Amino acid sequence: MQPTPGGWASPNTGATNSSGFTAPPGGLRNDLGVYYAISDVGYWWTSSVASNFRLWVRGLDDNLLESIRDTGSLKIGISIRCLKNTLPQVNTTSVSNVTPSSAVVTGEVISEGDQNTSRGFCYSTTTNPTISNDTTMNGSGLGAYLDSLQNLIPLTTYYVRAYVTNSAGTSYGNEVSFTTTLPAPQPCSSSPTVTDIDGNVYNTVQIGNQCWTQTNLKTTKYRNGDNISTGLNNSQWEAATYGAYGEQNLPGSIGSLGRLYNHFTVSDSRGLCPTGWKVPSIQEWLGLANYLGGSQLAGGILKDTLTQPQLFGWDIPNVGATNQSGFAALGSGFKDIYGNLGMAGTAAFYWSSSAYQGRINASWIMSLFHSNTVFSDYDYTTYSENRNGFSVRCLKD
């Protein structure tokens, strides 16, 4: 007959039951069916496999203060305590090696709760990603793990969390964000250079799916070879309703800053950019800004890092300038409707081919300033009278 368990035998070393676990000395039944050590020991199964036909067990002894870690044959009988399934715990520890299309992330499972069945990372371009977003799977178990996120979009902010799932559910680590980088500037593969009607050669740069000239236009002729008017005095410039250009009154400025064209030149049917190229629309300009992270950030990525007192450098501070895009924008300034030159080193203004519908003889432009990272159709540069002289960049058709 199975004996009835009683209290612990003396000396029941160190017993306080401050945990509330109230462990009884249930003894055990050996593989021959014999009960023994009642009142002397208590053993409890774990669910963890130690080896073939043996599991890890935990035990207590009336003569010992510490708990016993041992293994038990599947044929013996010992006590069982039930543990409510609990969620695991996991940390997102780091993001490194960020490229335009990938990043390495690391995490650590610090508690399995009920034994975890899977772990990995979930990531998204919005906050608090879950396993319903893009995920990786990285095995199971406690400890650190890592993976490489692939096929990411350049210059995009991602949010990533480590996750671990067990029978009780899924837990997430802390959120970590990172921004992918921009690919190193490269010439356009189909057109590494382009030559205008004057024979000026322009290097090109690929930015996303757009191919741009890397410097401002400096042609003196339309595409068909007709001359563009120049040399106008201030009164003539103000009165002109036909194509004309000027340039900053600085030695050598044409080579670095290009020429400043009124919009009548841009809209002339004879064409301003080389064959196969065009003055971009405002939508194409804004597409460039969006690709580079939005108008509030794109300015720094477009601006050349050159600063004063270097010739044709931007005024200091050239806020946020990195030229990661290879667009290499310099502060080419403008020629206003009265023929006055200004803002060289301070700002750059670029014509679009798009007319501004809210005002006669006005067109959309984009602008850059030394004092911020904005690249936008904002402030008074939302549109400009067509008599102003601004820079032109050419976009491949």
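Before we start, one cut-off: buried means under 20% relative accessible area, and exposed means over 50%. Keep in mind that this is a predicted model.

**Exercise 1.** Find how many disulfides the whole structure holds, and work out how the bonded cysteines pair up.

*Solution.* Step one: a search of the whole structure turns up two disulfides. Step two: take the bonded cysteines in sequence order and number them, and the pairing reads 1-2, 3-4.

**Exercise 2.** Describe the link between Cys 188 and Cys 211: its S to S distance, its handedness and what it ties together.

*Solution.* Start with the sulfurs: Cys 188 is joined to Cys 211 at 2.0 Å, S to S. Next, the twist: 110 degrees about the S-S bond makes this link right-handed. Now place the ends. Cys 188 sits in the loop between strands S13 and S14, while Cys 211 belongs to strand S16, so the bond ties together parts 23 residues apart in sequence. Finally, both Cys 188 and Cys 211 are buried.

**Exercise 3.** Do the same job for Cys 273 and Cys 394, and decide whether each is buried or exposed.

*Solution.* The sulfur atoms of Cys 273 and Cys 394 are 2.1 Å apart, in a disulfide. At -90 degrees about the S-S bond, this one is left-handed. It links distant parts of the chain, 121 residues apart: Cys 273 is in the loop between helix H3 and strand S19, Cys 394 in the loop between strands S24 and S25. For burial, check against the cut-off: Cys 273 has a relative accessible area of 2%, so it is buried. Cys 394 comes in at 1%, so it counts as buried.

Conventions: Residues are numbered from 1 along each chain as its sequence is written. This is a predicted model: local features need pLDDT of at least 70, side-chain atom pairs count only at pLDDT 80 or more; totals for chains, interfaces and linings use all residues. Side-chain values use heavy atoms; hydrogens and water are left out. A disulfide is a pair of cysteine sulfur atoms within 2.5 Å. Helices (H or I, at least four residues) and strands (E, at least two) are DSSP runs, numbered from the N terminus. Buried means under 20% relative accessible area, exposed over 50%, partly exposed in between (1.4 Å probe, protein chains only).
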